[in-house]
Amino acid sequence: MQLLKLPEVCRKVGLTKAPIYAGIKAGKFPAPVSIGERAVAWVESEVDGWIADRIAERDAGRAAQ
């Protein structure tokens with residue numbers, strides 16, 4: 001299991017900090033885990049799962065057309 005810091009998450013998903021935190025607040029993006037007093041990171045497999053869900057939504061939309 002690997003943890004990703006925010007810059008890595010941003011690069012991986014193609015979003016900036018604000019939409020990521022808005023997604024977390026809305027329950028639509030994986031929440032980070034605390035790794036220190038003032039540090040958080042994301043579980044890579046959860047971020048990968050979020051990406052896979054976006055792909056599945058896209059593909060489901062294509063199948064419905």
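Helix α1 spans residues 6-13, and its buried residues are L6, V9, C10 and V13. Buried means under 20% relative accessible area, exposed means over 50%, and partly exposed lies in between, with a 1.4 Å probe and protein chains only. Viewed down the axis of α1, these buried residues fall within an arc of 100°, so they line one face of the helix. The arc is that of the directions from the helix axis to the C-beta atoms. An α-helix has 3.6 residues a turn, so residues three or four places apart point the same way. Just after α1, G14 takes a positive phi of about 75°.

This is a predicted model, in which local features need pLDDT of at least 70 and side-chain atom pairs count only at pLDDT 80 or more, while totals for chains, interfaces and linings use all residues. Residues are numbered from 1 along each chain as its sequence is written, and side-chain values use heavy atoms, leaving out hydrogens and water.

The protein has 3 helices and 3 strands, which run β-α-α-β-β-α from the N terminus on. Helices (H or I, at least four residues) and strands (E, at least two) are DSSP runs, numbered from the N terminus.

What do the buried residues of α1 join? The largest nonpolar core has 10 residues: L4, L6, V9, C10, V13, I20, F29, W42, V47 and W50. Such a core is a set of buried Ala, Val, Leu, Ile, Met, Phe, Trp, Tyr and Cys residues joined through side-chain atoms within 4.5 Å. Two or more residues of this core come from each of α1 and α3 (44-64), and α1 gives the most, with 4 residues. Leaving aside residues up to four places away in sequence, V9 touches L4, I20, F29, W42 and V47; contact means heavy atoms within 4.5 Å. In soluble globular proteins, nonpolar side chains tend to be buried together.

Some nonpolar residues lie on the surface instead: L3, V33 and I35 form a patch there, with about 220 Å² of accessible area together. I35 belongs to strand β2 (residues 33-36) and is partly exposed, with a relative accessible area of 43%. Patches are made of residues with over 30% relative accessible area and no salt bridge (a side-chain nitrogen of Lys or Arg within 4 Å of a carboxyl oxygen of Asp or Glu), with like charges joined within 9 Å and nonpolar side chains (Val, Leu, Ile, Met, Phe, Trp, Tyr) within 5 Å.

Of the 65 residues in the protein, 22% are buried.

Methods. Accessible areas come from the Shrake-Rupley method with a 1.4 Å probe; for residues, only the protein chains shown count as cover.
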